[in-house]
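Biologist: I would like a close look at one part of this model, namely how its helices pack. Please start with a single pair and then set other pairs beside it.

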Amino acid sequence: TDLNSAALSHLPPQLSWAGYDRDHLTPGVVHLSVGNFHRAHQAWYLNQVLAQPGHEGWAICGVGLMDTPAERFKARAFPEQDGLYTLSRFSPNGAATHEVIGAMTEYLYAPEQMEAVLERMAAPTTRIVSLTITEGGYNHAPGTGNYNLEAPVTQQELADPAHPLSAFGFIVEALRRRQAAGTPPFTVLSCDNLRHNGRVARDAVLTHARALDPALADWIASTTTFPNGMVDRITPGVPPEEVARLDAMTGIDDKLPVIAEDFGQWVIEDRFCNGRPSLEEVGVQMVGDVHPYELAKVRMLNASHSMLAYPGLLAGLETVSEALQQPEIRALLEQFLDRDVIPTLQAPAGMDLETYKQVLLARFANPTVGDQLSRITGDGGSKLPTFLGPTVAHALHRGTDTRRLAFGIACFARYLLGIDDKGRHFTPFEPQLSEEQIALTREADLSAVLRMSMFHDFGLGTGDHDFIEQVVAFRLDLRKRGAMAVLHDLVASE
Ligand code: NAD
């Protein structure tokens, strides 16, 4: 059976459905870039919200922004499935639950339906615009945290603001229409893995708006809110060849199934300028300050992901759980978290960092999730400055052991060369790194890699010779002996 509205009345028994009436819902949320993570996280929470009385105005209108084959596929498949899809969640002990998520009642594809997207975003019924546009979508000038007004797409949008292309082009034009119509603004809710993601989104929107019209920027600054949020649920990509296997499990023909772990966490700063659904009723933590949660998550979970993924990929492994089965990698993560990260953090209220560490290692070891190392290694150029940069800066500042961090960076540099320890070639996915930047990893001077602009925020000063020497030594050793042999000695030397 194909998955669509008609199928909801006779779903296979293993597939649950919250059962609310989708015909009377209105999208109160427009979500830009409907990736797997959004579908497993925010849409899963809203799916439960919609099952509660009085929440008919909080369905999702999904928007595809990018002109890519994957997005064109979604643009056809989501409407065919009436916005429905299946989510399978797995616990570390292998138990699975399968459910239909019905929160997305409309899907629009910006490259073909630009005006419909703007109308939906400008509609008074739209009260939140949320984003999972990846770290790279925030359009920072390389090596800086600043919104890049010089980017070709941004230049094109500033010259012709009525025809937006990027997330921020759409948000600013929609807010302009709302101001002109006397409609209150929407809350802009970033759900990407960035530190201060709300602040980063605010900076992008205001910089873009100010370049067009300072009065519009002032109106946005004084009326629109951009809550910071911490998001967490490991959601691997679903390669096309996996779809049939997932469909066999759920018992329905879904062209876009999603899988994820059963763990989920969402902590949001409670600042919504135009109302919000009762997220706290479905397990979302609404708080005054997200910052300590965010730091703990990004520096512990996301950084551990990067620390394991580069050596794992070089060693020829494919998934996170495979990597965790290597005693050297597990030891690296434990030492990294205990010595390099936890001492630099303050535990948020109600959160014990030692427990958090244990839980995250158990989550990583979950074999049923099968999270791809290649998903985690990709876009290191945007990720590492956020995930690892502050920890390196702390260690250099405190004068503590930097060997594990130097090893992580050396593995990243080797990964950029696109060849693993068995001599197999692969293409690193690094949309934020130019060819000139990547070329620094190929210079005879092995320390040249640290001149890449992505390392600007790592606090590497001229006095950090020891650290630079460590990176160089690890690069030489990695070349000679491969990641696992080097790592074996590193973790044993503790
Ligand atoms: P995905 O590949 O399934 O989806 C990414 C989406 O972003 C796609 O729709 C893509 O077209 C779009 N996109 C790519 N570049 C863009 C750009 N420059 N502007 C606008 N849209 C762009 O990936 P995903 O797993 O859904 O992850 C998306 C983001 O969610 C991550 O980058 C991260 O910030 C956050 N996140 C993911 C996870 C996870 O486990 N997957 C966990 C926490 C947070």
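Biologist: What is the orientation of H7 and H8 to each other?

Modeller: The model is predicted, so local features need pLDDT of at least 70 and side-chain atom pairs count only at pLDDT 80 or more, while totals for chains, interfaces and linings use all residues. Residues are numbered from 1 along each chain as its sequence is written.

H7 and H8 are roughly antiparallel to each other, because their angle is about 150° (over 145 degrees counts as roughly antiparallel, under 35 as roughly parallel, 65 to 115 as roughly perpendicular and the rest as oblique). H7 covers residues 197–212 and H8 covers residues 214–223, with the axes 6 Å apart. Helices are DSSP runs (H or I, at least four residues), numbered from the N terminus. Axes are lines fitted to C-alpha atoms over the stretch in contact, with angles from 0 to 180 degrees between N-to-C directions.

From H7, the residues in the contact are Val-205, Leu-206, Ala-209, Arg-210 and Leu-212. H8 meets them with Pro-214, Leu-216, Ala-217, Ile-220 and Ala-221 (contact: C-beta atoms, placed from the backbone, within 7 Å). By class, this H7 and H8 contact has nine nonpolar residues, no polar ones and one charged (nonpolar: Ala, Val, Leu, Ile, Met, Phe, Trp, Tyr, Cys and Pro; charged: Asp, Glu, Lys and Arg; polar: the others, Gly among them).

A second pair is H4 (residues 110–122) and H6 (residues 167–181), whose axes come within 8 Å and cross at roughly 40°. That angle makes H4 oblique to H6. The crossing of H4 past H6 is right-handed (the near helix is turned clockwise from the far one by less than a right angle; anticlockwise would be left-handed). H4 brings Ala-110, Val-117, Leu-118, Met-121 and Ala-122 to the contact. On the H6 side are Phe-170, Glu-173, Ala-174, Arg-177, Arg-178 and Ala-181. Eight residues of the H4 and H6 contact are nonpolar, none is polar and three are charged.

A third pair joins H12 (residues 327–341) with H20 (residues 483–492). Their axes come within 9 Å and cross at roughly 45°, so H12 and H20 are oblique to each other. H12 passes H20 in a left-handed crossing. Glu-328, Ala-331, Leu-332 and Gln-335 belong to H12 in this contact, and their partners in H20 are Met-484, Leu-487, His-488 and Val-491. The H12 and H20 contact is made of five nonpolar, two polar and one charged residue.

To return to the pair you asked about, H7 and H8 pack with one charged residue and no polar ones in their contact.

Methods: Helices (H or I, at least four residues) and strands (E, at least two) are DSSP runs, numbered from the N terminus. Two residues are in contact if their C-beta atoms, placed from the backbone, lie within 7 Å.
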